[in-house]
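Colleague: I would like to go through a model with you, feature by feature. Please give the general idea before the particular case.

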Amino acid sequence: MYCSKCGVLMADGAMFCAACGQAFSTAAVMARPMNAQVATAPRVEYGGFWLRFLAYLVDGAVILIGICVVAIPLVFLTGLGAYLSNINPEQDWNE
């Protein structure tokens with residue numbers, strides 16, 4: 001095999017050209033023995049519609065609880081709770 005940059009014959013297993021320093025991408029691929037077994041990833045079994053729908057509901061509940069844990073203290077700490085409790089429903093808004 002020859003260097004694509006300078007055309008010099010490269011040595012077997014070389015990662016760089018000895019003449020110009022060009023990196024070879026094919027040298028990074030290691031040859032495996034012929035009798036070596038290839039490890040395969042286990043097959044993934046995805047959940048069906050109802051399982052994914054249940055997961056959606058659980059995610060929504062967790063997010064809602066998180067928002068409430070943050071929002072309720074902020075309402076009272078900012079004084080918004082006291083302001084909202086002073087609003088009278090029979091009050092005329094045009095005054």
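Colleague: Does phenylalanine 49 count as buried or exposed, and at what relative accessibility?

Modeller: This is a predicted model, and burial is read from relative accessible area, with exposed meaning over 50%. Phenylalanine 49 comes to 57%, so it counts as exposed.

Colleague: Which aromatic pair does phenylalanine 49 form, and how are the planes arranged?

Modeller: Read the distance between ring centres, then the angle between planes; under 30 degrees counts as stacked, over 60 as edge-to-face. Three aromatic pairs are counted. In one of them, phenylalanine 49 and phenylalanine 53 are stacked, with 6.1 Å centre to centre and 15° between the planes. The two residues are four apart in helix H1, so about one helical turn separates them. Phenylalanine 53 is partly exposed, at 37% relative accessibility.

Colleague: What kind of pair do tryptophan 50 and phenylalanine 53 form?

Modeller: That pair is edge-to-face, with 90° between the planes and 6.0 Å between the centres. Here the spacing is three residues in helix H1, again about one helical turn. Tryptophan 50 is exposed, with a relative accessible area of 65%. Phe49, Trp50 and Phe53 form one aromatic cluster.

Colleague: How does the span of helix H1 compare with the expected one?

Modeller: Take the distance from the first C-alpha to the last and set it against 1.5 Å a residue. H1 runs over residues 49-77, 29 residues in all, and reaches 42 Å, close to the expected 42 Å. After H1 comes glycine 79, with a positive phi near 85°.

Colleague: Which residues does the "transmembrane region" annotation cover?

Modeller: An annotation is a record to be set beside the coordinates. The unreviewed UniProt entry gives residues 53-76 as "transmembrane region". In the model that stretch is 100% helix and 0% strand, with its end C-alpha atoms 35 Å apart. Cysteine 68 is partly exposed, with a relative accessible area of 37%.

Colleague: How many disulfides are counted?

Modeller: A disulfide is a covalent bond between the sulfur atoms of two cysteines. The count here is zero. Cysteine 17 is in no disulfide, and its nearest cysteine sulfur, that of cysteine 6, is 3.5 Å away. The cut-off is 2.5 Å, so this distance does not qualify. Cysteine 17 counts as buried, at 6% relative accessibility.

Colleague: Where is tyrosine 2 found, and how far is it from cysteine 17 in space?

Modeller: Separation in sequence and separation in space are read independently. Tyrosine 2 is in the segment before H1. Its C-alpha is 9.0 Å from that of cysteine 17, with the two positions 15 residues apart in sequence. Apart from neighbours within four places in sequence, tyrosine 2 is in contact with Gly7, Val8, Leu9 and Met10. Tyrosine 2 counts as exposed, at 57% relative accessibility.

Colleague: What share of the protein chain's residues count as buried?

Modeller: Of its 95 residues, 7% count as buried. The secondary structure comes to two helices and zero strands. Among contacts with a separation of 6 or more, residues 24 or more positions apart account for 3%. The chain exposes about 9,000 Å², of which carbon and sulfur atoms supply 66%.

Conventions
Residues are numbered from 1 along each chain as its sequence is written. This is a predicted model: local features need pLDDT of at least 70, side-chain atom pairs count only at pLDDT 80 or more; totals for chains, interfaces and linings use all residues. Side-chain values use heavy atoms; hydrogens and water are left out. Buried means under 20% relative accessible area, exposed over 50%, partly exposed in between (1.4 Å probe, protein chains only). Contact means heavy atoms within 4.5 Å. Accessible areas come from the Shrake-Rupley method with a 1.4 Å probe; for residues, only the protein chains shown count as cover. UniProt positions are given in the numbering used here, feature names are shortened, and annotations may be inferred rather than shown by experiment. The expected span of a helix is 1.5 Å times one less than its number of residues. Rings of Phe, Tyr and Trp (its six-membered ring) pair if their centres lie within 6.5 Å; planes under 30 degrees apart count as stacked, over 60 as edge-to-face and the rest as tilted.
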